[in-house]
Amino acid sequence: MHTLIIDNFLSKKECNFLINFYKKNKKKASLFRDVYPIKLNKNDSKINFLTEKLEETSKLFNCKIHWSELVKWPVNSKQDLHFDLVSGETTLASIVYLNEDFEGGETYYEDTTTIKPVLGRGLFFNGVFYKHGVNKVEKNTRYVVATWYKNT
């Protein structure tokens, strides 16, 4: 299996907090391809709950957070199949869906496995080894926390 799926990784309250956190900090977002990421500071006390959960889960893979982003995916945004080759240190990736009131935006793999976005669902996978992408967001905005990890 190429993906560890953890439903209810974050609660609805935590997801809503992070979406509101994004909206309050949207001036920090910058356009990357067709999405708007905000780099998260893992030492920010306001998001300790997120950092602690991500770090705890990453221990299953002998990893630690390398960097994390809160990402807004507007309508028509997508990402073609790719490997996570941004850093030579990256060994694991995760996506946490913060909402599900959008259409499209599923995470998919080269082998045609497709994972439906569910509010609070976390996906952990080796993005360096498994080619993956995001289907086009067809309706409403998709919000996720994207995190990359390196070995401990």
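**Entry 1: the pairing of β3 and β12.** I began with β3 and β12, which pair in the antiparallel sense over 10 bridges, and I note here that the model is predicted, so every value below is computed. To fix the register for myself I looked up Trp73, and I found that its bridge partner in β12 is Arg142.

**Entry 2: the other partner of β12.** I then followed β12 to strand β5 (residues 90-97), and the two pair in the antiparallel sense over seven bridges. Within this pairing I noted that Val96 has Val145 of β12 as its bridge partner. I also asked how much of β12 is covered, and I found that eight of the 10 residues in this strand (residues 142-151) are buried, which leaves the strand mostly covered. As a reminder for reading the side chains, I wrote down that in a regular strand they alternate between the two faces of the sheet.

**Entry 3: the four-stranded sheet.** Next I traced an open sheet of four strands, in the order β4-β10-β7-β8, with antiparallel pairing. I marked β4 (79-82) and β8 (114-115) as the edge strands, since each has a single partner strand and so keeps one side without a neighbour in the sheet. For the pairing of β7 (residues 107-109) with β10 (residues 132-134), I recorded three bridges and an antiparallel run; here the bridge partner of Thr107 in β10 is Val134.

**Entry 4: the largest pocket.** Turning to open space, I recorded about 470 Å³ in the largest pocket. Its lining comprises 25 residues, and I listed Arg33, Gln79, His82, Asp84 and Trp148 as those nearest the centre. When I sorted the lining by element, I found that β3, β4, β5, β10 and β12 each supply at least two residues, and that β12 has the largest share, with five. By class I noted 16 nonpolar, five polar and four charged residues in this lining.

**Entry 5: the enclosed space.** Finally I looked for cavities of 30 Å³ or more, and the count came to one. For the largest cavity I wrote down a volume of about 40 Å³, with a lining made up of Leu40, Asn41, Lys42, Ile47, Leu50, Thr51, Leu54, Ile65 and Ser68. The elements that give two or more residues to this lining are α2 (48-58) and β3 (63-73), and I noted that α2 gives the most, with three residues. By class, I entered five nonpolar, three polar and one charged residues for the lining of the largest cavity.

Notes. Residues are numbered from 1 along each chain as its sequence is written. This is a predicted model: local features need pLDDT of at least 70, side-chain atom pairs count only at pLDDT 80 or more; totals for chains, interfaces and linings use all residues. Side-chain values use heavy atoms; hydrogens and water are left out. On a 1 Å grid over the protein atoms alone, a cavity is a set of points where a 1.4 Å probe fits but cannot get out, and a pocket is an open set with protein on both sides within 12 Å along at least five of seven lines; lining residues have an atom within 4 Å of a point. Grid points are joined across faces, edges and corners, and a volume is the space filled by probe spheres set on the points. Ala, Val, Leu, Ile, Met, Phe, Trp, Tyr, Cys and Pro count as nonpolar, Asp, Glu, Lys and Arg as charged, and the others, Gly among them, as polar. Buried means under 20% relative accessible area, exposed over 50%, partly exposed in between (1.4 Å probe, protein chains only). Two strands pair if DSSP finds at least two bridges between them.
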